[in-house]
Amino acid sequence: MPDYSLGIDIGGTFTDIVVYDHGSGRQWSRKVLTTHGDPALGVIDGIAAILAAERLDAAGFRRVVHATTLFTNALIERKGAVTGLLTTKGFRDTLEIGRERKYELYDLAIANPPPLVPRDLRFEVAERIMADGAVEEALDEEGVLAAAAALAGRGVQALAILFLHSYRNPAHEEAARTLIARGFPDLFVTISSEVVREIREYERATTTVANAYVMPLATRYLERMAAEIAGLGLEAPLWLMLSNGGLTHVAEAQRRPVQMLESGPAAGALAAAFFGAADSGGDVLAFDMGGTTAKLSLIDKGEPLVAYGFEAARQKRFVEGSGLPIRISALDLIEIGAGGGSIARRDEIGLLKVGPESAGSEPGPAAYGRGGTAPTVTDANFLLGYLNPDFFAGGTMAIDLAAARDAIEGLARRLDLSPMATAWGIYDIVNENMVRAARVHVAERGRDPRHYQLVPTGGGGPVHGYYVAKKLGLTRLIVPPAAGVASAFGLLVAPIRVDRVATIGFRLDRHAPAALEAHFRALEEDARRTIADSGLVLDHIAVDRLVDGRYVGQGFELTVALPAGPYDRAPEDETRQRLAAAFEAGYRGKFARTPGRVPIEFTNIRTTLRAKVPGSARLGGAARHARGEALKGRRSAYFPELRRFVETPVYDRARLAPGEEYGGPALVEEDGSTLVLGPAGRLRVAASGNIIVEVE
Amino acid sequence: MTAGAPTTIDPVTLEIVWTRIGSMVDEAAKVIARTAFSTLSNEANDFACVLTDARGNSLAENTGSIPSFIATLPATVRHMIAGIGVERMRPGDVLVTNNPWQGTGHLNDVCLVRPIFREGRLVAFGASTSHVPDIGGKIRSIEPKELFEEGFHIPLMHLLRAGEPDESLLTLLRTNVRTPDQTVGDIFAQVGALDLLERRLGEMMADYGLASLEAIADALFARAEAAMRKAIAALPDGTWRYEMTTDGLDEPFTIKVAVTVAGSDIAIDYAGTSPQQPRAVNTVWAYTYAMSAYAVKCLLLPNLPNNAGMFRSLTVTAPEGSLVNPRFPASCGGRASVGHYLPVAIFAAMEEAVPDRVMAGAGSPLWILTQTGIRDNGMTYANVLFFNGGMGALREKDGESCLSWPSNISSTPVEVAERNSPLVFRHKRLRPGSGGAGRHRGGLGQEILMENRSETPIAVGFITERTRFPAPGLAGGGPGGLGRVEINGKPVDNRLQHTLVKGDSILMATPGGGGYGDPRARPHALAERDRALGYIEEAPVQSPR
């Protein structure tokens, strides 16, 4: 009986479908256009096509894993359900007042993102829970039902409920949900304490409302996708990729769809971690560069770093603070407005600027010949000789080199530079922009970039990776095969994962460690129930305990890992010391020093449960190569170290065999991308199928 | 590339080097943001980091640095050059001051300057400032009559010599502040940032084979200066004036501004502004300059990162001894309660010259509530809460509601505030009708009602403005709603400290922004939306019941 895995990644433009055969190590992939009207259609057609073309037995599939940008797009395009909000009396405007900070200092015409729930759909009920969890005023049950009736009367399909201090005592939110479920069974209801059990009412509100807003869509869509896949004869369970790089089952994703917002990028980071681990100690910097954006994320010992919040649907793209804060765990990545389509221009003081404006895929770079006239990064890459006009996208796309040259020459005249200096300037500046973001991202996490190896993916990653690494002071790149679809393979290596958080306000110098143990146990029980829901029998579940802690008086919390429990066995002082040492070590790792003598408080506790899905560990290994001479030819390419164009050997990646080594300059072509190797670099094909590049 | 006239450096090299310098100061800023104890530093960006050339001209400041710090740090660097002397600076030194006139305008911002050497030559300065959690003196209020009451004053001096801290200074500082660990910790967070800045600059200069920064700096300054001059030259020549009355103390204050455009130069003068006061509301010249430069940049060149060249065409003058240029030892801890009005006055003056760009009056300065008391467990505590009003309208856009401007200070979440102090919030909601009427409406203020639950009395103090004189509208637009402070439902003198017993309530209603243009010309769709969503008073939305 065959043993196949299937990965489905629905992106804004393309849907990637990958199949992996665990028996032979073979893999197949398809890129199909995303069918926006009904995304399941494209997926089903794509799967059926692969099954037919490769004669794969549907019964041989053991697992199906799915990532999608659909819910993110619903937020960005404001195409979610008509949503209502029910709050504690006096606080319906929390969602609109927000944090009161500007995301841009000098723009007088600044506009905050409008709340997902307009003011006339935000209602209040009498109830009050205090900061310590005590009930001051009982829930007005009639008020809840009256509000639900009024909102239903206004066409609301989904309802978010946010009561103050519900992270401490969720009783009123739970009671309100029960009442509404009885009275209004058709309403989709999300309560804040179930989505994000964390202090700070605005961030909890935006997260809860976003969940409610996409919930009707997610419920219908996931139901249909599961049914369609079963309809093809695949009996394997459907798993969904979460923003934190873990998997969950359909019922959980329907309850908390907000967890799937960043599922696509998470798969990309997992893929980089996976391919990178084969040829390094696992400390890699994932660098995924596509048409519009580049994404960067740090991976330590094979584990992508996790952040406990991100922003969705930014009002002004790439500007921090202009989006909706979403307080859920997500892989810690940054997105930069730097891609093949990024437009180069002369700015108001005569300097060359690149991006974040993008020509996108329509009309796209001038070289695409679809009417684009603005000079882009891709146009510069053609002029520099890095990309092959006769073999773009594996030769499936005709390239208009003259249009690219015209676009760059026009800009060169405005800058009073030669066209080639302009082309190199575009390439160098887009690299500097990505490096600037990377440096700040790495510094924020208290790491040193030179410690990492770069794993470039996406169409642009290998084209820019060598010089990006050089600027960052990295000495090694690991270039996975099939960089263009590499991220979809991340789906097939992900574990099942449940993350939970609770705000407890635990003072290490005052409270008993046994109380901390009890809080963790309760949280872990809740997480175990979610895994148990899947019906899978999992032999080993790894449990991690973390805290968001701070020195009393600090305005922020740092998330650090704690030693394993239990905390109620050893003498209290010993346990306190062990916990303090763990926090101090994490703090020093990030900030180099601790303040000393200030008590430590654990504001939130977090637990992560992870279980490997059977069959996921065996992916990778066998590198395939076609027969024949790897050297396809030579073409003239520019390298700044040599200050000129040189005839540069071009290799066919499919024909490179493990063990082969070449010095730079060189170009290595595959279907979805081209690896650019500078004159001082060396490349070697590893047994894993990765290409290892040494920089200088 | 190490030598040569500014014009010989090509636009690609300049862009790369400038981006690289920008990334250095941002990286250094992250070190401060993440290691500081002060909430103001890590949540409100109340800190800044710059790199200057060896002459003290700013090359770049960190992204997100608030307007109060425009040009103040480079000026501090130049004060150090003049006051301490380059010949007394060595590698590994860090200089320090919190003198309001030479720093940022109040003692709470401790400024550090690091001379950066390469091969024995001074090539640059790294400088930073950060609002420390406590600097001694009176708890933040406008009561101090002289600087001496406001806390520990550090003149221009060495903090580190060749990497070694001045222990006498640290001992004195620790002795004079309420939070010695946090205050000293925050200063060393800045030292960490300057270390990193020095390292990164060294790497960059090595990568590009630069022996000095002057050629790069001059080329950048020349381009920024030319861009600003071009923007100014596009304005009509002339002088525009505006006079604004603000709440003041016993008597209102007058802020008078004259903006003169002549060719590619712009001059801002505050002659006629009220004299300096024996209260901590004085705005030292450095802060007056920063607020003026902020207004000019918003109007003319909002997208270009700041550098020393940008403001060469700007002159700011203010009579000595006035509220906006006080003499030592004026108290100045509450500088924002005057300084935040300045951009509003400049915009109002410039309405005729650039009607499509100016903003009507904002519901600022920032509102602050301080409280001190004894917790039920017997420990004393102090707590500060911030609240913001509405922004003013533009010709083509309504003002945003409840947004910090011109500063950028978040309000504390209600749940966090209730965790940290005995004030319980009964509501925190938009103030319908507080946005000034106009073709475009001013942003709304907010209303906050809090109840004291402490068993023992607590003391509360306010820094609140626009409770007597509203945010003005422009071009026929109406004023924003007045701010209001009440205790137990009765208006109180917001300049005095008040004592609250259990069950007492405080109401704070922040001011709305002014409107722009004739209210009768308001587009129908916008008026309808305001009615439907209850942003205006006529038809408030009824909750069911």
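In this predicted model, four strands of chain B line up as an open sheet in the order β8-β9-β10-β11, and the pairing is mixed. The edges of the sheet belong to β8 and β11 (314-317) of chain B; each has a single partner strand, so one side of each is left without a neighbour in the sheet. Going from one strand to the next, the twist averages 15°.

Zooming in on one edge, β11(B) pairs with strand β10 (residues 265-269) of chain B in the parallel sense, and four bridges join the two. One residue pair can be picked out here: B:A267 has B:T315 in β11(B) as its bridge partner. A helix comes in as well, since α7(B) packs on the sheet and touches β10 and β11 of chain B. The direction of α7(B) makes about 140° with that of β11(B).

Some of these elements turn up again in the way chain B is put together. Chain B is split into domain 1 (1-353) and domain 2 (359-545), and the C-alpha centres of the two domains of chain B lie 30 Å apart. Where they touch, domain 1 of chain B puts in 27 residues and domain 2 of chain B puts in 26 residues. On the domain 1 side of that contact, at least two residues each come from β8 (238-246), α7 (285-300), α8 (336-339) and α9 (342-349) of chain B. The edge strand β8 of chain B is thus also a contributor to the side of domain 1 of chain B that touches domain 2 of chain B, and so is α7(B), the helix that packs on the sheet. The largest share of this side, though, is the four residues of α9(B). Sorted by class, the domain 1 side of the contact in chain B has 15 nonpolar, eight polar and four charged residues.

Elsewhere in chain B, two helices meet at a steep angle: helix α1 (residues 11-35) and helix α6 (residues 214-233) of chain B have axes that come within 11 Å and cross at roughly 100°. That puts α1(B) roughly perpendicular to α6(B). The meeting involves B:L14, B:V17 and B:W18 from α1(B), along with B:I216, B:A219 and B:L220 from α6(B). By class, the residues of this contact are six nonpolar, no polar and no charged.

Then there is the contact between the chains, in which 64 residues of chain A meet 65 residues of chain B. The chain A side takes at least two residues from each of several elements, namely α3 (94-97), β6 (122-125), α4 (141-153), α7 (201-231), β22 (352-358), α12 (419-444) and α16 (572-591) of chain A. Of these, α12(A) gives the most, with 11 residues. The chain A side divides into 31 nonpolar, 12 polar and 21 charged residues.

One of those contributors, α4(A), also has a helix partner inside its own chain. It packs against helix α5 (residues 171-183) of chain A at an angle of about 50°, the axes being 10 Å apart, and the two helices are therefore oblique to each other. The crossing of α4(A) past α5(A) is right-handed. On α4(A), the contact is made by A:E141, A:V144, A:L145 and A:A148, while α5(A) brings A:A176, A:L179, A:I180 and A:G183. The residues of this contact comprise six nonpolar, one polar and one charged.

Conventions: Residues numbered from 1 in each chain as written. Chains lettered and ligands numbered in written order. Predicted model: local features only at pLDDT ≥ 70, side-chain atom pairs only at ≥ 80, totals over all residues. Domains from an automatic or database assignment. Contact = placed C-beta atoms within 7 Å. Nonpolar A, V, L, I, M, F, W, Y, C, P; charged D, E, K, R; others polar. Pairing = 2+ DSSP bridges. Axes fitted to C-alpha atoms, helices over the stretch in contact; angles between N-to-C directions. Parallel < 35°, antiparallel > 145°, perpendicular 65-115°, else oblique. Left-handed = near helix turned anticlockwise from the far one by under 90°.
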